[in-house]
Amino acid sequence: RAQYLKVATQLLVDDLAEMAGDWKVGGKARVALTENGIDGGISAILTGIGSLSYGELAGERMKLGLLLHDPEEEHDCFSDNTHNSHYYDVMGMVAVYRGEYTRADGKQVKGRSVSDLVRKLAPDLDKEMLDKLAASQKSMMAIKQRAETIEAYDQMIGENNSDGNATIQAGIDSLTDQTRVLERVVASLKLKPIAFEGSDSLDAPEKVGKK
C-alpha cells in the first residue's frame with residue numbers, strides 16, 4: 001500500500017509537471033490555443049466554460065444521476081468526493097472567466113480576462129454573467145455543505161429524497177442559467193457561433209433509460 005501511494009503520488013506530480021510545461025510559453029497547449037488568433041483563442045475558452053457548465057456538469061455529471069437515482073452515476077462514486085469536484089469545477093469556471101484566482105499560499109494571481117473584454121463592450125451583460133457565476137457558486141456550496149453535514153451526495157440523488165434532490169436540481173438550474181447568459185456573451189463578442197456540448201439528460205430526458 002505504501003508503494004502504491006508513492007507511485008500514485010509521483011504520477012500526479014508528473015502529470016502536473018507535464019501540464020505546466022504544456023501551458024508555458026511555447027508549450028503545445030498554449031500554442032494550440034493561440035494559433036487560431038485572438039478570436040479563436042477566446043472561442044476556445046468560452047467553448048470550454050460552456051460545455052463544462054451545461055453538457056458535462058449540469059447534464060452528464062448531475063442530471064443523469066438525478067434522473068436515474070443511481071449512486072454509481074455520481075461523478076466520484078468510489079471516493080465520495082463528488083460535492084468537492086462539482087464545487088471546484090464551478091470555481092474553475094469563475095477563475096477562467098474573471099482571469100484571477102488565489103493560490104494555496106494565499107497569493108492572488110490576476111491577468112486580463114474575458115470579463116474585461118465583455119465589460120468594455122457590454123457592461124450590463126458582464127455583470128449578469130458574474131451574477132450567474134456567483135449564483136452557481138452559491139448553489140454548489142449548498143451541495144458541498146449538505147454533503148459535509150447531512151448526507152453524502154449519492155444519498156442526495158436517491159429516490160424519495162425530495163430535499164436532497166431539490167438541492168442538486170438547484171445546482172443544475174444555476175448552471176443552465178449561466179450557460180444561457182454565456183451564449184449571449186458569445187454573441188456580444190461577435191464570434192463565430194459556438195456549439196456547447198449538450199446532454200440527453202437535459203435536452204431529451206425521455207431517452208435516458210432506467211438501469
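Let me start with one pair of residues, K127 and D131, whose side chains meet in a salt bridge, with 2.9 Å from nitrogen to oxygen. Please keep in mind throughout that what we have on screen is a predicted model. If you follow helix 6, which covers residues 123-149, you will find that K127 and D131 are 4 residues apart in it, so they are separated by about one helical turn. As for how open this place is, D131 has a relative accessible area of 42%, and it is therefore partly exposed. In general terms, side chains of opposite charge can pair when their charged atoms come close.

Staying with helix 6, I would like to move along to a second pair, E148 and K144, whose side chains also meet in a salt bridge, here with 3.0 Å from nitrogen to oxygen. These two residues, E148 and K144, both belong to helix 6 and are 4 residues apart, which is about one turn of the helix. Are the two partners, E148 and K144, buried or exposed, or something in between? E148 is partly exposed, since its relative accessible area is 47%, whereas K144 has a relative accessibility of 12% and so counts as buried.

Helix 6 also holds R146, and because its relative accessibility is 15%, under the 20% cut-off, R146 counts as buried. Which residues does R146 touch, once we leave out those up to four places away in sequence? The answer is E151, M156, N161, D163, G164 and T167.

Let me now turn to helix 8, which runs over residues 162-188. Here the side chains of R180 and E183 form a salt bridge, with 3.1 Å from nitrogen to oxygen, and the two residues are 3 residues apart within helix 8, again about one turn of the helix. R180 has a relative accessibility of 37% and therefore counts as partly exposed, and E183, with a relative accessibility of 37%, counts as partly exposed as well.

Beyond these pairs, there is a set of three residues, R98, E100 and K110, that are linked in a network of salt bridges. How many salt bridges does a search of the whole structure find? It finds 11. If we look at charge over the protein chain as a whole, there are 26 positive and 34 negative charges, and their mean positions are 7 Å apart.

I would next like to take you into the loops. After helix 8 comes the loop that leads to helix 9, which spans residues 200-203, and S199 has its place in that loop. S199 has a relative accessible area of 4%, and so it is buried. Setting aside residues up to four places away in sequence, S199 touches G55, G59, E60 and A204.

K190 is found in the loop between helix 8 and helix 9, but its surroundings are open, because its relative accessible area is 73% and it is exposed. What is the phi of K190? It is near 50-something on the positive side, or, to give the value properly, near 55 degrees, in a residue other than glycine. For background, most residues other than glycine have a negative phi. H69, which is found in the loop between helix 3 (37-68) and helix 4 (82-98), likewise has a positive phi, near 50 degrees, and is a residue other than glycine. With a relative accessible area of 23%, H69 is partly exposed, because that value lies between the cut-offs of 20% and 50%.

Finally, let me step back to the protein chain as a whole. It has 9 helices and 2 strands, and, read along the sequence, these follow the pattern α-α-α-α-β-β-α-α-α-α-α. The C-alpha atoms fill a box of roughly 50 × 45 × 35 Å, taken along the principal axes. Why can we speak of agreement with a compact globule? A compact globule with 211 residues would have a radius of gyration near 17 Å, and the protein chain has 19 Å, which agrees.

Of the 211 residues, 40% count as buried, and the accessible surface comes to about 12,500 Å², of which 54% belongs to carbon and sulfur atoms. As for contacts with a separation of 6 or more, residues 24 or more positions apart account for 68% of them.

Technical notes: Residues numbered from 1 in each chain as written. Predicted model: local features only at pLDDT ≥ 70, side-chain atom pairs only at ≥ 80, totals over all residues. Heavy atoms only, no water. Buried < 20%, exposed > 50% of the residue type's maximum accessible area, 1.4 Å probe, protein only. Contact = heavy atoms within 4.5 Å. Rg over C-alpha atoms; globule rule 2.2 N^0.38 Å. Areas by Shrake-Rupley, 256 points an atom, 1.4 Å probe, with all protein chains shown as cover. Lys, Arg positive; Asp, Glu negative; His and termini not counted. Charge placed at Lys NZ, Arg CZ, Asp CG, Glu CD. Salt bridge = Lys/Arg side-chain N within 4 Å of Asp/Glu carboxyl O.
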